[in-house]
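Please look over the following structure with attention to its nonpolar residues, both in the interior and on the surface, and to its cysteines.

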Amino acid sequence: MTPPLAQVLEHASAPAATGKAAPGRPGRAPGWLPGGDRAGAAFAMIRREWVAGVFAVSAVFALVTALTSFYAPERMWGAFAAISYAVSAVTAAVVRRRGVSLAVLISLTGAVAAPLAWMAFTGMMQPEVAVIIRSAAMLVHYGTPYASPAALAAAHSWRAYDPYLPALVVFGVPRVFVGGLLSDPRVWFGIAFAATFGVAARIARVPRPAWCTVLVTASPVVALPLAVGGDDLPVLGLMCLGLALASRGSRSQWRWAAAAGPALGLAAAMKATAWPAVAVVAVLLLARQGRRAVAWFAAAVLGVALVIDGPAVAAHPAAALANTVLYPLGLAKVASPAASLLPGHLLANTGTLGHWTALVLMVLAGAAVGAWMIVRPPRDAHAAGWRLTLGLALLFVLAPASRVGYFVYPLGLAAWLLLSRWPELPGDLSVDPEPQHRRLAVQGHH
């Protein structure tokens, strides 16, 4: 029986009680795992079965998506991913040697690479990808990605709006100049996420950061949004990177705080959803390193955001306001097509009073999380990350124009936080410098 998650997290970073090295992690022993190497062998089998179960649940989720989603790209992803995850579950359960590694690679191929390549080849995508491609063409040819208020009024369509900031629109620039699969913005969204998430995992001293990144990318948390849209993933990766950098420095090492600034400044230059992370990291730095670190951090965030987005926004401020502020808040003349059964969207659909009620509730939820951080400021990246995860979940639940896809942020952050505390990766993904049977033989000899 696997130990409770709270017990695992409690003992993951604790020093070993004895001098024995943990299986797969030289110099560290999982304090909650009694019985030495024999227990390690049993736990390795349990982990393999646990991974097979996770893939089986993912296959069910993908099948339900294929059968029930209203969006054709999501149904297409579900058809690919259901088969891939099912094969991965069987592989992880049956193949004893490198079965988990093989299962993860099968999922990465079948749930990410194959559906993404097929949809990029056929031109199937969520509307946000088409908006980014169109806005990138406008940015290249006219110097702004945004249609003017007069053009928006004449269009009478939500498709004329672009709620994305210029730094995110840049991902569509390759399509303006070249065609083919590699010019699809989703490919570059995925590359940016993998690079930033992997670096964040390495800075946080996660075992096997590359495998961690592959594991998370192959999961439905990232695979589904990446295949159909993916515009939130670079922002998510940069948020994890900013948290990792901010957690490293001490009071005398303010350079780590300065390094976290450009990461979150770039994220904020892509989407407004990154600004809560900026606030959380600022409180973390104030508690850990003092005002000087916060000053360097704030200067870096604002400097990067202004340098990247400033020229396009300053050239056409009215257009930028209408597209990136009024439209996402539901205050434009055309409503966003984002639909869900979340409370904020249901309230907004009841009329003007319901819309403003949802906005007020969203502000109150943010204020409550902010007050919690002031009363009990976080002292490390995990405390800050869990507060950010909760705050974003509340904001997305109450936002008037919210959609379920926004939950990639709290789910992705939770994955990074759990991996950075988990003592071992699943199955044969862990580092194991000495074969298990040899350790058992040596122990039996002694």
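The report below takes up the nonpolar cores, then a surface patch, and then the cysteines.

This is a predicted model, in which local features need pLDDT of at least 70 and side-chain atom pairs count only at pLDDT 80 or more, while totals for chains, interfaces and linings use all residues. Residues are numbered from 1 along each chain as its sequence is written, and side-chain values use heavy atoms, with hydrogens and water left out.

A nonpolar core is a set of buried Ala, Val, Leu, Ile, Met, Phe, Trp, Tyr and Cys residues joined through side-chain atoms within 4.5 Å, where buried means under 20% relative accessible area, exposed over 50%, and partly exposed in between (1.4 Å probe, protein chains only). The largest core holds 90 residues, of which Trp 77, Tyr 85, Met 239 and Trp 416 touch the most other members. Helix α12 (residues 233-246) gives the most to this core, namely 11 residues; helices are DSSP runs of H or I with at least four residues, numbered from the N terminus. Another core, of 7 residues, lies apart from the largest one and includes Ala 147, Tyr 161, Ala 322 and Tyr 327.

On the surface, Leu 321, Val 325, Leu 326, Leu 329, Leu 331 and Trp 356 make a nonpolar patch of about 480 Å². Helix α16 (residues 317-326) supplies its largest share, 3 residues, and Leu 321 is placed in this helix.

| Residue | Relative accessible area | Class |
|---|---|---|
| Leu 321 | 45% | partly exposed |
| Cys 212 | 0% | buried |
| Cys 240 | 0% | buried |

A search of the whole structure for disulfides (pairs of cysteine sulfur atoms within 2.5 Å) finds 0.

Methods. Patch = residues over 30% accessible without salt bridge, like charges linked within 9 Å, V, L, I, M, F, W, Y side chains within 5 Å. Areas by Shrake-Rupley, 256 points an atom, 1.4 Å probe, with all protein chains shown as cover. Salt bridge = Lys/Arg side-chain N within 4 Å of Asp/Glu carboxyl O. Helix = DSSP H or I, 4+ residues; strand = E, 2+ residues; numbered from the N terminus.
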